[in-house]
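Please open the model in a viewer with residue selection and surface display enabled. The tour below proceeds by selection, from open spaces to enclosed ones and then to single residues.

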Amino acid sequence: MRLVAAPLSRQLMLPCALALLALATMTPARAHAKGFGSGLKPLWVGVGASGGGELGEPIGAGYGNLTVGLRLIPIVPEVTIREGVSGDSGALRMHHGSIALGARVLMPPLGPVRGTLRLAFSHRHDAPIEIFKAQPFKVLFGTADGISHRSGLETGGGLEIKLGKVVGLWAQGTLVLLPSEGLNPVSGLWEGGVSFAIGPPRP
């Protein structure tokens, strides 16, 4: 059995690129002022958890996530990987895995706190939990029979809190749009965790 799969929509690539450009132009002019990126380290790694689900549906989902970003001011290219499950009434129903490639716009900091805006191209695969139990590695890599593939966009905003030279906290709200025939295309996530800044700081 193979679930209905939504084809990868190439039409989404141009809107995604244009929206990223729009985010860049929205960055305040003071973001380019001397000292805006002072002290930032070039590699940002965020580890955390996500919770939410498809809007209007009773089934909730939980994920573990990993984000790696290259801190190029003011736009940060990054990749996010999520793996998780969803269910209801105490029973697990589905396994979900996703990868998002996009960028984050960094706002000027206010003390240890910095606001961010994010936009990414997102691809997710979903599999019934029975298939995940039978073919865990194939499901993780998106190659098992019986899984569906959905592609679209995700966007959101959040905050980063600097706790020290290396460690910080992050939190964000994420809206995910994955068009697919017969399935709810909109889902939302609350995400947060710990971050690590790696590399020599900017002068």
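Begin with the lining of the largest pocket, which by class holds eleven nonpolar, nine polar and nine charged residues. Here Ala, Val, Leu, Ile, Met, Phe, Trp, Tyr, Cys and Pro count as nonpolar, Asp, Glu, Lys and Arg as charged, and the others, Gly among them, as polar. The model is predicted, so local features need pLDDT of at least 70 and side-chain atom pairs count only at pLDDT 80 or more, while totals for chains, interfaces and linings use all residues. Residues are numbered from 1 along each chain as its sequence is written, and side-chain values use heavy atoms, with hydrogens and water left out.

**The largest pocket**

The space in the largest pocket comes to about 480 Å³. Select Glu-54, His-96, Arg-124, Asp-126 and Arg-150, which are the closest to its centre of the 29 residues that line it. Then colour β1 (43-54), β2, β3, β4 (91-106), β5 (113-128), β6 and β8 (186-198), the elements that give two or more residues to this lining. Strands (E, at least two residues) and helices (H or I, at least four) are DSSP runs, numbered from the N terminus.

A pocket is an open set of points on a 1 Å grid over the protein atoms alone, with protein on both sides within 12 Å along at least five of seven lines; a cavity is a set where a 1.4 Å probe fits but cannot get out, and lining residues have an atom within 4 Å of a point. Grid points are joined across faces, edges and corners, and a volume is the space filled by probe spheres set on the points.

**The second largest pocket**

Next, select Leu-40, Arg-71, Arg-114, Glu-160 and Lys-162, which lie nearest the centre of the second largest pocket among its 23 lining residues. Two or more residues of that lining come from each of β1, β5, β6, β7 and β8. The second largest pocket contains about 360 Å³ of space, and its lining divides into eleven nonpolar, six polar and six charged residues.

**The cavities**

How many cavities of 30 Å³ or more does the structure hold? There are two. For the largest, of about 60 Å³, select Trp-44, Asn-65, Thr-67, Thr-80, Arg-82, Arg-104, Arg-118, Trp-170, Gln-172 and Glu-191. At least two of these lining residues come from each of β2 (60-70), β3 (75-88) and β7 (167-177). By class, the lining of the largest cavity has two nonpolar, four polar and four charged residues.

The second largest cavity has a volume of about 30 Å³. Its lining is formed by Trp-44, Arg-104, Thr-116, Gly-158, Leu-159, Glu-160, Trp-170, Ala-171 and Gln-172. Here β6 (148-162) and β7 are the elements that supply two or more residues. Four nonpolar, three polar and two charged residues make up this lining.

**The aromatic pair**

Now keep Trp-44 and Trp-170 on screen. The structure holds one aromatic pair (rings of Phe, Tyr and Trp, the last by its six-membered ring, with centres within 6.5 Å). The ring centres of Trp-44 and Trp-170 are 6.4 Å apart and the planes stand at 70°, so the pair is edge-to-face; planes under 30 degrees apart count as stacked, over 60 as edge-to-face and the rest as tilted. Trp-44 belongs to strand β1 and Trp-170 to strand β7, 126 residues apart, and the pair thus links distant parts of the chain.

Are these two rings buried or exposed? Trp-44 is buried at 7% relative accessibility, and Trp-170 is buried at 8%; buried means under 20% relative accessible area, exposed over 50%, and partly exposed in between (1.4 Å probe, protein chains only). Add Arg-104, which lies over the face of Trp-44 at 6.0 Å from the ring centre. The criterion is NZ of Lys or CZ of Arg within 6 Å of the ring centre and within 35 degrees of the ring normal.

**Glu-191 and Ile-99**

Move to Glu-191 in strand β8, which is buried at 5% relative accessibility. Beyond its neighbours within four places in sequence, Glu-191 has contacts (heavy atoms within 4.5 Å) that include Asn-65, Arg-82, Trp-170 and Gln-172. The C-alpha atoms of Glu-191 and Gln-172 are 5.3 Å apart, with the two positions 19 residues apart in sequence numbering.

Finish at Ile-99 in strand β4, which is partly exposed, with a relative accessible area of 38%. Among the residues Ile-99 touches, not counting those up to four places away in sequence, are Val-79, Ile-81 and Phe-121.
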